[in-house]
Amino acid sequence: MTALGSPYFKRVSDLPFFRSFGDTEARSIVSYFRKTPPSIICPHFWELRWAFGCPYDCKYCYLQGTFRGRKNARFPYSIDRILLAIESAFQSINEPTIFNSGELADSLMNPGMMNTIADKFEEQTKHKLLLLTKSNNVRLLVEKPRKQTIVSFSLNASTPAKLWEAGAPTPTSRIRAAQSVADAGYETRVRIDPIFPVENWKEEYSELVYDIFSDLTPERVTLGTPRGLKSTILCSKDRTWTRFFGESSDWGKKIPTRQREEIYLFVCDRLQKMGLHSSKIALCKETVSMWDRLRMNPTDIRCNCVW
C-alpha cells in the first residue's frame with residue numbers, strides 16, 4: 001500500500017474547476033487541503049475557512065503553530081462574503097463534496113454565524129457541511145434539524161481532558177451534545193484524538209468508548225495519537241503533553257510505533273465490541289506503515305473529513 005496509490009490523494013491540477021473557481025477571496029474562504037506528505041495517509045479535502053482560531057486552550061493544539069501562538073478567535077470575513085464564496089463553490093464543484101469548517105477553527109465558536117452557513121447548505125442537496133467541535137452549545141442545531149450538515153465531536157478520556165483540554169467542555173457534556181444532535185437527525189461522527197497513553201489509559205479509553213455508545217451510535221469514528229509538529233511544540237506554553245514522543249515522522253513527532261499500534265488495536269477492539277464495523281474506523285494523519293501494521297486499507301475506509 002502506498003499513499004500515492006490511494007484515491008484520497010488527488011492533485012489539485014487533476015481538478016478542472018479549481019483554477020476557475022471564484023475570485024481570489026472566494027478561493028481563500030473555500031480552500032483545498034493538500035499538504036499531506038506521501039508517507040502520511042490523509043485525504044485531500046475542501047476547507048471552509050469561515051473563521052480562524054479557537055476559544056479553547058488545548059495544550060497540544062496544532063493551531064498554536066499555525067497562527068504562531070495566536071489562537072484567539074478571529075472572523076475576517078462578513079457572513080455575506082462567506083455565503084457568496086459558498087455559492088461560487090456550489091456552482092463550480094460538480095462532484096458531491098464535504099466542506100470541512102473545523103480545520104482552522106472550532107466550528108461552533110460562533111453558533112449564530114454557523115447557523116446561517118448551515119442554512120445555506122440546505123438550499124441544495126449535492127454538497128454537505130462538516131462541523132468539527134469540542135463545544136456543547138448545540139441548541140441552534142437541535143432546534144432546526146438539517147439534512148446537509150454533519151456534526152463531528154472531538155472527544156478524549158478523563159485524565160487527558162483534565163490535563164490538556166481544561167478550557168473545553170468536559171467529555172461527558174460533549175457526549176451529551178452529540179447525543180442531542182444525533183437525536184435531532186444529524187449524521188454524527190466522533191474523533192477520539194489525540195489518544196494519550198497516560199497511566200491506566202486502557203481503563204480510561206474503555207470507559208470513554210462505553211460512554212459514547214451508551215446512547216449514541218456514531219456514523220464513523222476517527223482515531224489519532226499526539227502529533228508534535230515543530231511549530232506546535234515551539235508555540236506551546238505547556239509542553240507536558242510532549243513527554244510521550246519517541247520518534248519522528250513526516251508529520252511531526254509521534255509516540256513510538258509499537259505503542260501506537262497497541263493503542264489503535266486496543267481502541268479498535270473496544271469500538272468493534274460495541275458494534276461499530278471496522279470499515280467505520282479510521283486513523284488521522286498516520287503513517288502508511290502504521291496502516292499496513294494494522295492491516296487497514298484506506299481505500300476501503302472513510303475518515304472524518306471526507307464523504
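**Note on the predicted model: salt bridges, helices, pocket and cavity**

1. Across the whole structure, a search finds 19 salt bridges. The structure under review is a predicted model, and the points below take up some of these charged pairs before turning to helices and empty space.

2. One of the salt bridges joins the side chains of Glu25 and Arg81, with an N to O distance of 2.3 Å. Glu25 belongs to helix α1 (residues 24–29) and Arg81 to helix α3 (residues 79–92), so this pair ties together parts that lie 56 residues apart in sequence. The two partners fall into separate burial classes: Glu25 is partly exposed, at a relative accessible area of 32%, while Arg81 counts as buried, at 18% relative accessibility. The cut-off that decides the matter is 20%, since buried means under that value.

3. A second pair is formed by Glu47 and Arg49, whose side chains meet in a salt bridge at 3.3 Å, N to O. Glu47 is buried, and its relative accessible area is 2%.

4. Charged side chains also occur in a linked group. Glu87, Lys120 and Glu123 are connected in a network of salt bridges.

5. Is the salt bridge between Glu165 and Arg174 made by buried or exposed residues? Both Glu165 and Arg174 are buried. The closest N and O atoms of this salt bridge are 2.8 Å apart.

6. Arg174 is also listed among the buried residues of helix α7, together with Pro171, Ser173, Ile175, Ala177, Ala178, Gln179 and Val181. What do the buried residues of α7 pack against? Their partners are α5 (139–143), β6 (149–155), α6 (158–164), β7 (187–192) and α8 (201–215). Helix α7 covers residues 171–183, and its 13 residues should span 18 Å at 1.5 Å a residue; the end C-alpha atoms are 18 Å apart, which agrees. The expected value is reached because the rise is multiplied by one less than the number of residues. Just after α7, Gly185 adopts a positive phi of about 105°.

7. Lys128 deserves separate mention. This residue lies in strand β5 (residues 128–133). Lys128 is buried but has no salt bridge, and the nearest side chain of opposite charge, that of Glu187, is 4.4 Å away. A salt bridge requires the nitrogen and oxygen to be within 4 Å, so the pair is not counted as one. Leaving aside residues up to four places away in sequence, Lys128 touches Thr97, Ile98, Phe99, Phe121, Lys147, Gln148, Ile150, Glu187 and Trp307. Glu187 is thus named both as a contact of Lys128 and as its nearest side chain of opposite charge.

8. Helix α10 (residues 257–273) may be read alongside α7. Its 17 residues reach 24 Å from the first C-alpha to the last, close to the 24 Å expected at 1.5 Å a residue. Buried residues in α10 are Arg260, Glu261, Ile263, Tyr264, Phe266, Val267, Cys268 and Leu271. Gly275 follows α10 and has a positive phi, near 105°.

9. The loop between α10 and β11 (281–283) contains Ser278. Ser278 counts as partly exposed, at 37% relative accessibility. Not counting residues up to four places away in sequence, Ser278 touches Gln272 and Ile301. Ser278 and Val221 are 57 residues apart in sequence, and their C-alpha atoms are 9.7 Å apart in space.

10. Empty space is the next subject. The largest pocket holds about 820 Å³. Of the 45 residues lining this pocket, those closest to its centre are Tyr62, Gly102, Glu103, Arg191 and Arg227. At least two lining residues come from each of β3 (45–48), α2 (63–66), β5 and α9 (230–235). The largest share, 3 residues, is supplied by α2.

11. How many cavities of 30 Å³ or more does the structure hold? There is 1 cavity of that kind. The volume of the largest cavity is about 40 Å³, and its lining consists of Leu108, Pro111, Met114, Asn115, Asn137, Leu140 and Leu141. Two or more of the lining residues are given by each of α4 (111–121) and α5. The element that gives the most is α4, with 3 residues. Helix α5 also appears among the elements against which the buried residues of α7 pack.

Terms used
Residues are numbered from 1 along each chain as its sequence is written. This is a predicted model: local features need pLDDT of at least 70, side-chain atom pairs count only at pLDDT 80 or more; totals for chains, interfaces and linings use all residues. Side-chain values use heavy atoms; hydrogens and water are left out. Helices (H or I, at least four residues) and strands (E, at least two) are DSSP runs, numbered from the N terminus. Buried means under 20% relative accessible area, exposed over 50%, partly exposed in between (1.4 Å probe, protein chains only). Contact means heavy atoms within 4.5 Å. Lys and Arg count as positive and Asp and Glu as negative; His and the chain ends are not counted. On a 1 Å grid over the protein atoms alone, a cavity is a set of points where a 1.4 Å probe fits but cannot get out, and a pocket is an open set with protein on both sides within 12 Å along at least five of seven lines; lining residues have an atom within 4 Å of a point. Grid points are joined across faces, edges and corners, and a volume is the space filled by probe spheres set on the points.
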